[in-house]
Amino acid sequence: MTRIAFIGLGNMGGGMAANLAKAGHAVIAFDLSEDALARAEARGARRAASAEAAVADAEAVITMLPAGKHVRDVYESDVIGKAPASAILIDCSTIDVATAREEIERAAASGYEMADAPVSGGIAAAEAGSLTFMVGGTDAAFERARPFLEAMGKAVIHAGGPGAGQAAKICNNMLLGASMVATCETFVMARKLGLDLQTFFDISSRASGQNWSMTSYCPVPGIGPETPADRDYEGGFAAALMLKDLRLAMEAAESVDAYTPMGAAAEELYARFADLGGSGKDFSAIIRMIDDSWPAPPRQD
Ligand code: NAD
């Protein structure tokens, strides 16, 4: 049993902390939201009065926060210098590569080992303990983080040095965003060309256009396995989070002068979809914007 401070018990962190408690760890939880804290307590965690109190005698600190600024605030105000220097620090939030590297460097300067370990898989995978973790950090940090991540996921992969987990995550999600848009526009064109969409799926899912957005997450209701498209695009991976990841990807691309025209197009399209009110829908719902039979108003720039 390890004493684990868990900070950020929202949609993802709630299920992750519950799985650590189920695995027999002592989870000391903190969140700014009283509701999130109460839910964590009901699922086996002990509540702390502050982030600083949560980490005070922790052997591991895990954070699952919205964005880079929250991660910076929490580590700089409440974790570094407050948790024992022997604690392993693991940030599972999706944040920009630069902040991830800076925080790991800062932690190292104070004697901590820290890993960035963003996840692939949504709320259902967080609940089921079947997330995929992509981990950045030294070999030693990875080996120390691994057993805790294994209690929350089905795959734990060492992506490389500090920040490599975030780099792998945004590269993957840039590809996912672009391939979803390409899959949506393809189905819309297939329909307009008079193809039966099930027949087109049967062909393309066995031909060279095959991709995950088509075969595992088809944006067309009634085709392929059950997906958010079959539930009016509810649940799944919100378009707002896809837009967040595409923005992080574009920021990272600019920082290394990488030419990413497809990623840029996907970012522009998801921004437009958000303007049209699509943020809360699953990201595959962008097919409604691409299909001009859907009555969406044009973007007002
Ligand atoms: P969420 O908004 O549901 O949860 C974040 C939690 O952090 C909230 O409960 C909030 O109160 C808490 N918080 C914010 N600032 C805090 C602070 N200073 N101290 C303590 N608690 C604080 O978000 P989520 O959906 O759980 O996502 C968390 C991270 O996981 C994000 O970086 C997101 O991009 C990433 N992610 C989400 C999904 C998904 O499907 N939801 C999938 C993969 C990755």
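Trainee: What makes the pairing of the side chains of Thr63 and Tyr75 a polar contact?

Mentor: A polar contact is a pair of N or O atoms within 3.5 Å; within protein, one must be able to donate a hydrogen and the other to accept it, and residues adjacent in sequence count only if both atoms are side-chain atoms. The two side chains are 2.7 Å apart, so the pair satisfies the limit. This is a predicted model, in which local features need pLDDT of at least 70 and side-chain atom pairs count only at pLDDT 80 or more, while totals for chains, interfaces and linings use all residues. Residues are numbered from 1 along each chain as its sequence is written, and side-chain values use heavy atoms, with hydrogens and water left out.

Trainee: Why is Thr63 called buried or exposed?

Mentor: Buried means under 20% relative accessible area, exposed over 50%, and partly exposed in between (1.4 Å probe, protein chains only). Thr63 has 0%, and is therefore buried. The residue lies in strand E4 (residues 60-63); strands (E, at least two residues) and helices (H or I, at least four) are DSSP runs, numbered from the N terminus.

Trainee: Which residues are in contact with Thr63, neighbours within four places in sequence aside?

Mentor: Contact means heavy atoms within 4.5 Å. On that basis Thr63 touches Ile7, Val74, Tyr75, Ile90, Asp91, Cys92 and Ser93.

Trainee: How do you know whether Glu103, in helix H5 (residues 97-109), is buried or exposed?

Mentor: The relative accessible area of Glu103 is 1%, and the residue is therefore buried. Neighbours within four places in sequence aside, Glu103 is in contact with Arg72, Tyr75, Glu76 and Met114.

Trainee: What makes Thr227 buried, and which backbone oxygen does its side chain reach?

Mentor: Thr227 has 2% relative accessibility, so it counts as buried. The residue is found in the loop between helix H10 (212-215) and helix H11 (239-255). Its side chain reaches the backbone oxygen of Cys218 at 3.0 Å.

Trainee: Why is Ala258 placed in its accessibility class?

Mentor: Ala258 has 39% relative accessibility and therefore counts as partly exposed. Ala258 lies in the loop between H11 and helix H12 (261-275).

Trainee: Why is Arg206 called exposed?

Mentor: Arg206 is at 70% relative accessibility, so it counts as exposed. Arg206 lies in the loop between H9 and H10. A polar atom of its side chain lies 2.8 Å from the backbone oxygen of Asp202.

Trainee: What makes Met189, Leu193 and Leu195 a nonpolar surface patch?

Mentor: Patches are made of residues with over 30% relative accessible area and no salt bridge (a side-chain nitrogen of Lys or Arg within 4 Å of a carboxyl oxygen of Asp or Glu). Nonpolar side chains (Val, Leu, Ile, Met, Phe, Trp, Tyr) are joined within 5 Å, and like charges within 9 Å. Leu193 has 64% relative accessible area and is therefore exposed. The patch covers about 340 Å², an area from the Shrake-Rupley method with a 1.4 Å probe; for residues, only the protein chains shown count as cover.

Trainee: Which residues come nearest to the ligand?

Mentor: A residue is near a molecule or strand if one of its heavy atoms lies within 4 Å of it. Of the 23 residues around the ligand, Asn11, Met12, Asp31, Leu65 and Lys244 come nearest. A ligand oxygen is 2.8 Å from a polar backbone atom of Met12, and one is 2.9 Å from a polar backbone atom of Leu65. Taken alone the ligand exposes 830 Å², and the protein buries 85% of that.
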